[in-house]
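Colleague: Could you walk me through this one slowly? I am still learning how to read such files.

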Amino acid sequence: MEQKPNLIEKQITMSIPCTFSTGPYMGRFLREIRENKRFVANKCPQCGRTMLPPRIVCALCNVEAGEWVELSDRGTLISFDVVSIPTINPMTGKMREVPYATGNVLLDGGDATLWHFLEEKDPSRIRVGMRVQAVFREEGRTGAITDILHFRTIEK
Amino acid sequence: MNERVAIVAWAQTAYEACKPHQRVQEMVYEVVKKVREQTGLKFSEDGTGIDNAITASDDIWDARTISDTPVGDVVGAHHRSEEKVGQDGAQAVFYACAGILSGHYDVTLVVAHCKESQPASRNLITNLTFDPFFQRSLGLDYLSAAALQARAYMDRYGISPEQCARVVAKSYNNARGNPLILRARELSVDEVIRSPLIADPIRELDAYPVTDGACALILAREEKAKKITDKPVWIDGMGNAYDAYFLGDRDLWDCQSLKLAASKAYRMAGIKDARKEIDVAEVSAFYSYQELLWTEGLGFCPPGEGGKLLDSGATKISGQIPVNPSGGVLVGSPTIVAGMARVIEAAIQVRGEGGSRQVSKVRTALAHGTSGPCGQLHTVLILKG
């Protein structure tokens with residue numbers, strides 16, 4: 001590309017401090033992780049599907065979903081990806097270490113998947129259908145999705 | 001299409017400083033549930049139910065791009081249609097109405113939400129409206145912009161701080177008849193004048209307070225409206241117009257785009273003399289001077305005489321052209337929600353359901369919303385019983 005020496009550009013980083021309410025549904029999901037290292041979802045009384053994250057209405061039926069169910073911390077990998085090109089982690093401002101792997105886990109007992117990091121980063125050792133289990137942070141859980149460190153392989 | 005459009009149901013949350021127990025989806029569900037219960041309508045595209053949703057929200061306020069995603073499930077958008085208006089809620093009502101008038105939809109759910117308590121300061125959000133190179137880094141935001149407009153307007157026409165303070169006192173006292181305004185109380189002009197200066201000439205009580213809230217309403221085309229309710233509130237006129245984006249391109253003491261928006265709405269509704277024919281007006285004044293300036297732009301009085309109109313008592317609930325019997329935005333109505341809350345309050349007046357804030361003999365009401373700094377975009381709707 002032709003260099004244009006008189007071009008003025010501005011580097012701007014925007015940041016706005018906010019306090020986000022988690023509300024009664026997401027709040028309960030996060031509280032169960034923080035206090036009990038366990039996953040909960042809520043269930044539609046009409047169609048019976050469980051929703052992750054839990055939320056106020058079933059989108060299909062437009063009814064409130066007030067029943068709560070516990071899900072296992074084990075599940076089946078529905079999809080995964082391994083990232084090889086580093087990008088900046090917006091939460092820390094630092095480049096992520098690569099490679100890193102993430103996957104959609106269908107937790108036993110539920111209908112929706114939870115997406116998170118996988119402990120295994122070698123794509124030749126990950127497959128759809130693999131059984132995985134959540135590994136929680138033992139100390140310093142705050143009620144955040146990062147209270148889960150990753151999912152480890154329990155069966156290839 | 002020759003059929004008219006009516007508002008057939010509505011609901012508002014209480015308007016309070018902070019709603020820490022709810023996300024926006026729970027706030028919006030609270031009001032959607034109410035309007036569904038009022039009408040018995042389901043979400044359906046087969047001609048028997050609500051066949052479209054229009055949501056009003058702002059991505060930067062919500063710190064979430066596509067800020068309608070959290071409320072999609074709640075407004076029946078799953079596998080159906082929904083569209084976001086990233087402007088004040090009165091504009092969302094306008095847009096929803098146009099969708100029905102086009103013949104494309106029959107019954108539309110319209111919602112608006114904002115949690116002003118979420119960012120550490122509203123000024124951080126509104127600063128981002130401004131051009132990144134020309135103004136943003138100097139710290140211009142909607143408060144300082146309003147202060148510039150207030151100074152230009154007050155100086156040009158000799159509007160006094162006491163007149164502005166009287167707008168605030170009127171608003172808080174009117175709001176005592178509005179059970180949804182948790183801040184409503186007796187307020188004296190003296191207390192307003194003695195409140196701290198935040199951006200001269202604007203004092204703390206001259207500025208609308210930080211508020212969380214949401215509202216919903218349902219619009220229906222004429223044939224359906226008459227089946228859903230025996231008290232439809234017809235939207236007989238609407239108009240909107242944008243002013244220049246850069247403050248320096250405008251005469252800040254004027255509100256040209258409001259005059260244009262109002263004239264379009266009046267023409268559509270067949271109104272020739274707004275002062276005489278409008279029985280009540282709910283206008284979006286975010287700062288006290290704006291109520292005076294907007295009454296001029298709406299043609300309730302000649303330019304520069306907003307203060308005189310107020311002092312005559314004409315804009316009191318018992319006056320000839322009552323303005324903001326609900327208390328308006330100054331008592332607590334978040335951005336984005338404000339204009340739609342005005343539409344709802346105007347509809348309440350048309351139906352005669354205003355309780356102790358009810359204006360007598362309302363047949364024609366005006367609702368107004370605005371977006372952007374110093375009233376850049378204005379939307380005016382005329383409601384009739």
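**A buried cysteine and its surroundings**

Modeller: Let us start with one residue, B:Cys97, which counts as buried because it has 22 C-beta neighbours inside 10 Å, where 20 or more are needed for that label. Please keep in mind throughout that this is a predicted model.

Colleague: Where in chain B is B:Cys97 placed?

Modeller: B:Cys97 sits in helix H4 of chain B.

Colleague: And which residues does B:Cys97 touch, not counting those up to four places away in sequence?

Modeller: Leaving out those sequence neighbours, B:Cys97 touches B:Val5, B:Leu219, B:Ile235 and B:Met238. There is also a pair to look at in the viewer, since the C-alpha atoms of B:Cys97 and B:Arg221 are separated by 8.7 Å, although these two residues are 124 residues apart along the chain.

Colleague: How often do contacts in chain B join residues at least 24 apart?

Modeller: If you take the contacts in chain B between residues at least 6 apart in sequence, 76% of them join residues at least 24 apart.

Colleague: OK, staying with H4, what angle does helix H4 of chain B make with helix H14 of chain B?

Modeller: Helix H4 (residues 89–101) of chain B packs against helix H14 (residues 338–351) of chain B at an angle of about 65°, and their axes are 5 Å apart. H4(B) and H14(B) are therefore described as roughly perpendicular to each other, a label that covers angles from 65 to 115 degrees.

Colleague: Which residues make that contact between H4(B) and H14(B)?

Modeller: On the H4(B) side they are B:Gly89, B:Ala90, B:Gln91, B:Ala92 and B:Val93, while H14(B) contributes B:Ala338, B:Gly339, B:Met340, B:Arg342 and B:Val343. Sorted by class, the residues of this contact are six nonpolar, three polar and one charged.

Colleague: Is there another helix pair I could compare, say H7(B) and H12(B), and how far apart are their axes?

Modeller: Helix H7 (residues 161–175) of chain B and helix H12 (residues 288–297) of chain B have axes 7 Å apart and pack at an angle of about 95°, so H7(B) and H12(B) are again called roughly perpendicular to each other. From H7(B) the contact uses B:Gln163, B:Cys164, B:Ala165, B:Val167 and B:Val168, and from H12(B) it uses B:Ser288, B:Tyr289, B:Glu291 and B:Leu292. By class, that contact has six nonpolar, two polar and one charged residues.

Colleague: Stepping back, how many helices and strands are there in chain B?

Modeller: Chain B has 14 helices and eleven strands, and its C-alpha trace spans about 60 × 45 × 40 Å along the principal axes. Of its 385 residues, 60% count as buried.

Colleague: What radius of gyration does chain B have, and what would a compact globule have?

Modeller: Chain B has 19 Å, and because a compact globule of 385 residues would have a radius of gyration near 21 Å, the two values agree.

Colleague: Changing topic, what about the odd backbone spots, and where are the cis peptide bonds?

Modeller: As background, most residues other than glycine have a negative phi, and most peptide bonds are trans. In chain A, the peptide bond from A:Val98 to A:Pro99 is cis, with omega near 0°, and A:Pro99 lies in the loop between strand E6 (74–83) and strand E7 (100–107) of chain A. In chain B, a cis peptide bond with omega of about 10° joins B:Asp200 and B:Pro201, and B:Pro201 is in the loop between strand E5 (197–199) and strand E6 (202–203) of chain B.

Colleague: Is B:Asn324 buried or exposed?

Modeller: B:Asn324 is buried, with 28 other C-beta atoms within 10 Å, and this residue, although not a glycine, has a positive phi of about 60°. You will find B:Asn324 in the loop between helix H13 (306–311) and H14 of chain B. B:Cys374 is not a glycine either and has a positive phi of about 50°; B:Cys374 is in the loop between strand E10 (364–371) and strand E11 (377–384) of chain B, and counts as buried because it has 23 C-beta neighbours inside 10 Å.

Colleague: Last topic, how many residues of chain A are in contact with chain B?

Modeller: There are 18 residues of chain A in contact with 20 residues of chain B. Helix H1 (residues 23–36) of chain A gives the largest share of chain A's side, three residues, and that side divides into eleven nonpolar, five polar and two charged residues.

Colleague: And what ipTM does the predictor give the complex?

Modeller: The predictor gives the complex an ipTM of 0.91 and a pTM of 0.96. For chain B, the mean pLDDT is 97, and 100% of its residues reach 70 or more.

Terms used:
Residues are numbered from 1 along each chain as its sequence is written. Chains are lettered from A and ligands numbered from 1 in the order in which they are written. This is a predicted model: local features need pLDDT of at least 70, side-chain atom pairs count only at pLDDT 80 or more; totals for chains, interfaces and linings use all residues. Two residues are in contact if their C-beta atoms, placed from the backbone, lie within 7 Å. Helices (H or I, at least four residues) and strands (E, at least two) are DSSP runs, numbered from the N terminus. Ala, Val, Leu, Ile, Met, Phe, Trp, Tyr, Cys and Pro count as nonpolar, Asp, Glu, Lys and Arg as charged, and the others, Gly among them, as polar. The radius of gyration is taken over C-alpha atoms; the globule rule is 2.2 Å times the number of residues to the power 0.38. A residue is buried if 20 or more other C-beta atoms lie within 10 Å of its own, exposed if 12 or fewer, and partly exposed in between; C-beta atoms are placed from the backbone. Axes are lines fitted to C-alpha atoms, for helices over the stretch in contact, and angles run from 0 to 180 degrees between N-to-C directions. Angles under 35 degrees count as roughly parallel, over 145 as roughly antiparallel, 65 to 115 as roughly perpendicular and the rest as oblique. pLDDT is the predictor's confidence in each residue, from 0 to 100.
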